[in-house]
Amino acid sequence: MKAATFTERACKRGDATDKEIVIMKPGFVKTANYKALQQRFKQVEGRGAREAGLLVVYGPYGIGKSELTNRWTVDIGGVFLRAKSTWRTKSMLAELASALGLDPRGSVAQIQNACIAHLGVHMTPIVIDEADHLFKGAGSKLTIDLMEALRDITDLTGIVCVLVGMKQLGLKVDAHGWIGSRVGGDVELKPLDIADVRATVQAKCEVAVDEGVIEEIHRQSKGMIRGVLNAIPLIEAWAQANSLNRVEASQIANKRLVSEFKPAPIGRVGA
């Protein structure tokens, strides 16, 4: 009997019941990036200068910043916010208050004072994902207002505020000198090495794979966790469709495990 092709059976499973479909195992792997973040946080938390309470975390798209920092925030007992392009000082503070279980209503001063009083007692770290939205360009009054509100909170409570964003975030922070001087540390999130890819696949994949498969996932994903997590269910589905308990490198040779959006260039009509 001819084995099903990778695309025919892995990507088209309409005849399978919900019970038959293999789903990637839940769970979280503490990668080298997680450990680097935890180490630098401890350093900033134990800082000598109280006002240097900002920790800047940055990395390219697809590296898993949001999932990593969200889970890490839970582990350290922090509060996680996602910055929005529409944030103003009051809306930012209202979201912080809500996340802390406080009443988000009132004036800017009232909401901020309530947050400061709560954080000063509980010392809850704040993690703000998509922090690039806080920086609107040189001389932006909105950026000044947002960052001054956060600076008041960290200065008066001594808590750590973690800003998470793209690779240019550090430069954006540094461009605002009075904010840059309050950065107690930074962490560059890097592509996963082969050991992290191996640990992720072993923890989350429902079928066994050999080392060659792990190496191919690492190669195609370029160490980006998003690519790794996309490859795992594809391998699971293909293994299930072909009744395999283990997948070897020879069985996925020349197969695309990680899809990447690359639009075709636009040429002249008729070219």
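The lining of the second largest pocket in this predicted model has six nonpolar, four polar and six charged residues. Together, 16 residues line this pocket, and the space in the pocket comes to about 190 Å³. If you would like to find the pocket on screen, start with Gly62, Gly64, Lys65, Ser66 and Arg226, the lining residues that lie nearest its centre. Then trace the elements around them: α3 (65–76), β4 (161–165) and α11 (225–241) each supply at least two residues of the lining of this second largest pocket.

Now let us turn to enclosed space. The model has one cavity of 30 Å³ or more, and about 170 Å³ of space lies in the largest cavity. Its lining is made up of 14 residues, and those nearest the centre are Phe28, Val29, Thr31, Glu67 and Ile225. By class, seven residues of this cavity lining are nonpolar, five are polar and two are charged. Which helices each supply at least two residues of the lining of the largest cavity? They are α3, α9 (194–204) and α11. You have already met α3 and α11 as contributors to the lining of the second largest pocket.

Finally, a look at the cysteines. The count of disulfides is zero. Are Cys115 and Cys161 buried or exposed? Cys115 has a relative accessible area of 0%, and Cys161 has one of 1%. Both count as buried because their values fall under the 20% cut-off.

Technical notes: Residues numbered from 1 in each chain as written. Predicted model: local features only at pLDDT ≥ 70, side-chain atom pairs only at ≥ 80, totals over all residues. Heavy atoms only, no water. 1 Å grid on protein atoms, 1.4 Å probe; cavity = no way out; pocket = protein on both sides within 12 Å on 5 of 7 lines; lining within 4 Å. Points joined across faces, edges and corners; volume = space filled by probe spheres on them. Helix = DSSP H or I, 4+ residues; strand = E, 2+ residues; numbered from the N terminus. Nonpolar A, V, L, I, M, F, W, Y, C, P; charged D, E, K, R; others polar. Disulfide = S-S within 2.5 Å. Buried < 20%, exposed > 50% of the residue type's maximum accessible area, 1.4 Å probe, protein only.
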